[in-house]
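Welcome, and thank you for taking a look at this protein. Let us walk through its parts together, one at a time.

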Amino acid sequence: MFGKKKKDKLANDAVIEARVANSKIMVSHLKKSYVNKGKETVAVADASIEILDNEFVSIVGPSGCGKSTLLRILAGLDEATEGTAIVDDDLIDGPGADRGMVFQSYTLFPWLTVEENIHFGLKIKKMPKKQADEIVERYLEIIKLTPFRKSFPKELSGGMKQRVAIARALANSPKVLLMDEPFGALDSQTKSQMQLLMRQIWQVEKPTVVFITHDIEEAVFLSNRVYVMSGRPSGIKANIPIYLPYRRTLAIKETMEFLEYRHRITSLLHADEEDDLLEN
Ligand SMILES: Nc1ncnc2c1ncn2[C@@H]1O[C@H](COP(=O)(O)OP(=O)(O)OP(=O)(O)O)[C@@H](O)[C@H]1O
């Protein structure tokens with residue numbers, strides 16, 4: 001393990017490197033291990049990623065390779081064992097309003113209506129009411145839930161709840177949006193609609209997004225770039241830019257280019273699963 005002085009120097013170097021590279025997010029040689037009853041579990045062995053402003057980047061990988069762990073560290077909900085994670089030139093040292101989160105499980109406040117949920121963060125920030133109302137109005141339109149503004153979460157479908165969760169996160173103008181399998185619990189048709197909506201939101205609002213998913217098709221459809229993580233020892237196995245048209249409709253999923261990307265990423269993941277089987 002590093003001493004404090006060495007750790008501070010590494011952190012300082014990493015901030016300078018992120019600044020020079022002009023990256024929004026820079027994760028360098030991140031390791032995370034958990035120790036329970038003396039037994040160490042390495043959740044992430046060595047991962048480095050770099051994400052530019054306005055990029056939509058997905059992270060895919062075999063189950064248990066540490067995708068959620070990496071995202072939790074970016075959210076400041078967990079601490080790296082080694083290495084550094086930087087957002088906008090700042091070392092991450094806890095949760096912050098600069099990072100919006102959307103999880104797979106629905107995390108709306110059940111006692112607040114749709115519009116109150118979206119309004120919540122703006123109220124905390126003490127934004128003037130008129131300005132906050134305009135933002136809420138705009139996001140209600142973007143997520144197409146204006147008619148449901150007075151509804152409570154329990155009156156909404158899963159897809160609607162996730163639309164509110166996305167609006168609530170984006171209304172705060174976070175520097176980055178961190179999404180952990182946000183559409184994982186939805187049926188396939190709702191999921192496709194959510195993917196289309198998410199891509200449209202990105203085309204207009206251009207948030208910097210880190211998106212965790214098991215679904216390779218979803219990753220290719222949404223992203224500018226896909227990181228593929230490896231199984232044990234877990235780290236980044238491939239960094240694949242997606243050169244598909246900027247404006248995407250669901251029909252793109254049937255094109256040859258799309259299928260080639262899907263096949264390439266699937267092959268990378270399957271190679272990992274085969275290695276695992278041979279080892280066990
Ligand atoms: N709090 C914890 N204590 C001990 N081990 C943990 C903890 N959190 C995660 N792990 C372990 O770290 C590894 C990575 O977990 P993580 O949830 O990040 O993987 P993942 O790639 O997101 O998995 P999945 O795709 O199945 O959701 C797993 O082996 C998991 O059991």
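## Strands and how they pair

Strand S4 (residues 82-87) pairs with S5 in the antiparallel sense, over 2 bridges. This is a predicted model, which is good to keep in mind while you read. Within that pair, Ile86 stands opposite Leu91 in S5. Both strands belong to an open sheet of 4 strands, ordered S2-S1-S4-S5, with antiparallel pairing. S2 and strand S5 (90-91) are the edge strands, each pairing on one side only.

Now turn to strand S3 (residues 56-60). Is this strand buried or exposed? Of its 5 residues, 5 are buried, so S3 is largely enclosed by the rest of the structure. Phe56, Ser58 and Val60 point one way from S3, while Val57 and Ile59 point the other way. S3 pairs with strand S8 (residues 208-212) in the parallel sense, and S3 also pairs with S9 in the parallel sense.

Strand S9 (residues 225-229) in turn runs antiparallel to strand S10 (residues 236-241). A hairpin of 6 residues joins S9 to S10.

Here are these pairings side by side, each with one pair of facing residues:

| Strands | Sense | Bridges | Facing residues |
|---|---|---|---|
| S3 and S8 | parallel | 4 bridges | Ile59 and Ile212 |
| S3 and S9 | parallel | 4 bridges | Val60 and Val228 |
| S9 and S10 | antiparallel | 5 bridges | Val226 and Ile240 |

## Two domains and what joins them

Stepping back from the strands, you can see the protein divided into domain 1 (4-98 + 174-279) and domain 2 (105-173). Their C-alpha centres lie 26 Å apart. Where the two meet, 14 residues of domain 1 are in contact with 10 residues of domain 2. Which helix gives the most to the domain 1 side? That is helix H6 (residues 188-205), with 6 residues. By class, the domain 1 side of this contact has 11 nonpolar, 2 polar and 1 charged residues.

The largest nonpolar core is also worth a visit. It has 66 residues, and among them Ile25, Leu74, Leu178 and Val210 touch the most other members. Helix H5 (residues 158-171) gives the largest share of this core, 8 residues. Why does the core lie between the domains? Domain 1 and domain 2 both give residues to the core, so it lies between them.

For a closer look, pick Leu74. Leaving aside residues up to four places away in sequence, Leu74 touches Ile25, Ala85, Ile92, Arg99, Leu178 and Val210. Three of the names in that list, Ile25, Leu178 and Val210, appear with Leu74 among the core members that touch the most others.

## Around the ligand

Last stop: the ligand. How many residues surround the ligand? There are 13, and the closest are Tyr34, Ala43, Ser63, Ser68 and Thr69. The elements that give two or more residues to this shell are strand S1 (25-36), strand S2 (39-51) and helix H2 (67-75). H2 provides the largest share, with 3 residues. By class, the shell has 3 nonpolar, 9 polar and 1 charged residues.

S1 and S2 may look familiar by now: they sit next to each other in the order S2-S1-S4-S5 of the open sheet, and S2 is one of its edge strands.

Conventions. Residues are numbered from 1 along each chain as its sequence is written. This is a predicted model: local features need pLDDT of at least 70, side-chain atom pairs count only at pLDDT 80 or more; totals for chains, interfaces and linings use all residues. A residue is near a molecule or strand if its C-beta atom, placed from the backbone, lies within 6 Å of it. Ala, Val, Leu, Ile, Met, Phe, Trp, Tyr, Cys and Pro count as nonpolar, Asp, Glu, Lys and Arg as charged, and the others, Gly among them, as polar. Domain bounds come from an automatic or database domain assignment. Two residues are in contact if their C-beta atoms, placed from the backbone, lie within 7 Å. A nonpolar core is a set of buried Ala, Val, Leu, Ile, Met, Phe, Trp, Tyr and Cys residues joined through C-beta atoms within 7 Å. A residue is buried if 20 or more other C-beta atoms lie within 10 Å of its own, exposed if 12 or fewer, and partly exposed in between; C-beta atoms are placed from the backbone. Two strands pair if DSSP finds at least two bridges between them.
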